Amino acid sequence: MLENVLKAGRESVAIIDLVRDTRPPAQIGRGVREALSDYSPAVILVMGTFAARALFADDDTVASARGEWRAIEWGGKTVKSRVTHHPEAIIALAARGEPGAKRETFTDLMAVGELLSRS
């Protein structure tokens with residue numbers, strides 16, 4: 001979807017995978033912010049509930065967080081972000097006959113693309 005909707009090749013996308021362990025999500029989110037120092041993203045796509053909780057709030061879910069722009073701050077920088085479904089969730093929900101997540105992710109990616117086109 002990143003390639004088809006955003007026309008973003010793999011070389012222009014940085015993926016930071018969150019490792020789930022016994023640490024609280026907020027602590028993992030601090031590690032993600034530190035990792036962002038190696039990049040200069042124009043926008044950040046936050047994929048899945050766990051990532052939303054790590055970067056924003058312990059009670060966030062994709063349902064409560066998607067559809068709006070949020071700021072992620074680190075090292076004196078601030079970048080807009082958008083929360084959407086994790087690819088594994090899209091596949092799992094579609095397998096259960098719930099195709100809505102794919103449509104919602106498409107909508108989120110279109111919003112990201114629109115923001116990038118204005119940059």
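Trainee: Why is Lys77 called partly exposed?

Mentor: Lys77 has a relative accessibility of 36%. Buried means under 20% and exposed means over 50%, with partly exposed in between. The 36% of Lys77 falls between those two cut-offs, so Lys77 counts as partly exposed. Keep in mind that we're looking at a predicted model here.

Trainee: Where does Lys77 sit, and what does it touch?

Mentor: Lys77 belongs to strand β3, which covers residues 77-84. Leaving out residues up to four places away in sequence, Lys77 touches Tyr39, Ser40 and Ile72. Take Ser40: it is 37 residues from Lys77 along the chain, and their C-alpha atoms are separated by 9.1 Å.

Trainee: Hang on, what makes Lys77 and Ser40 a contact, with 9.1 Å between their C-alpha atoms?

Mentor: Good catch! Contact means heavy atoms within 4.5 Å, so the C-alpha distance isn't what decides it. Lys77 and Ser40 are listed as touching, and the 9.1 Å runs from C-alpha to C-alpha.

Trainee: OK, Arg33 next. What is Arg33 called, buried, exposed or partly exposed, and why?

Mentor: Arg33 has a relative accessible area of 21%. Buried would need a value under 20%, so at 21% Arg33 is partly exposed. Arg33 lies in helix α2, and beyond its neighbours within four places in sequence it is in contact with Ala54, Leu55, Ile72, Glu73 and Trp74. Glu104, 71 residues away in sequence, is 26 Å from Arg33, C-alpha to C-alpha.

Trainee: And Lys7, is it buried or exposed, and how do you know?

Mentor: Lys7 has a relative accessible area of 65%. The cut-off for exposed is over 50%, so Lys7 is exposed. Lys7 is in the loop between α1 (2-6) and α2 (25-36). What's odd about Lys7 is its phi, which is positive at about 55° although Lys7 is not a glycine.

Trainee: What about a charged residue like Asp60, is it buried or exposed, and why?

Mentor: The relative accessible area of Asp60 is 7%. That value is under the 20% cut-off, so Asp60 is buried. Asp60 is in a loop too, between α3 (49-55) and α4 (62-65). Asp60 and Lys7 are 53 residues apart in sequence and 29 Å apart in space, C-alpha to C-alpha.

Trainee: What surrounds Asp60, and what makes its pairing with Arg70 a polar contact?

Mentor: Asp60 touches Thr49, Ala52, Arg53, Ala65 and Arg70, not counting residues up to four places away in sequence. The side chains of Asp60 and Arg70 come to 2.6 Å. A polar contact needs a pair of N or O atoms within 3.5 Å, one able to donate a hydrogen and the other to accept it. The 2.6 Å is within that limit, so the pair counts as a polar contact.

Trainee: Ala65 is on that list. How do you know whether Ala65 is buried or exposed?

Mentor: Ala65 has 0% relative accessibility, and 0% is under 20%, so Ala65 counts as buried. Ala65 lies in helix α4 and touches Asp60, Arg70 and Val83, again leaving out residues up to four places away in sequence.

Trainee: Which residues in helix α6 can we test with that cut-off?

Mentor: Try Asp108 and Thr105, both placed in helix α6. Asp108 is at 0% relative accessibility, so it counts as buried. Thr105, at 2%, is under the 20% cut-off and therefore counts as buried too. Not counting residues up to four places away in sequence, Asp108 touches Arg66, Gly67, Arg82, Val83 and Thr84, while Thr105 touches Met1, Thr84, His85 and Ile90.

Trainee: Zooming out, how much of the protein chain is buried, and how many helices and strands are there?

Mentor: Of its 119 residues, 32% count as buried. The chain has six helices and three strands, running α-α-β-α-α-β-β-α-α from the N terminus.

Trainee: Last one: how do you know whether the protein chain agrees with a compact globule?

Mentor: Compare its radius of gyration with the expected value. For 119 residues, a compact globule would be near 14 Å, and the protein chain has 14 Å, so the two agree. Its C-alpha atoms fill a box of roughly 40 × 35 × 25 Å along the principal axes.

Conventions: Residues are numbered from 1 along each chain as its sequence is written. This is a predicted model: local features need pLDDT of at least 70, side-chain atom pairs count only at pLDDT 80 or more; totals for chains, interfaces and linings use all residues. Side-chain values use heavy atoms; hydrogens and water are left out. Helices (H or I, at least four residues) and strands (E, at least two) are DSSP runs, numbered from the N terminus. The radius of gyration is taken over C-alpha atoms; the globule rule is 2.2 Å times the number of residues to the power 0.38. Buried means under 20% relative accessible area, exposed over 50%, partly exposed in between (1.4 Å probe, protein chains only).
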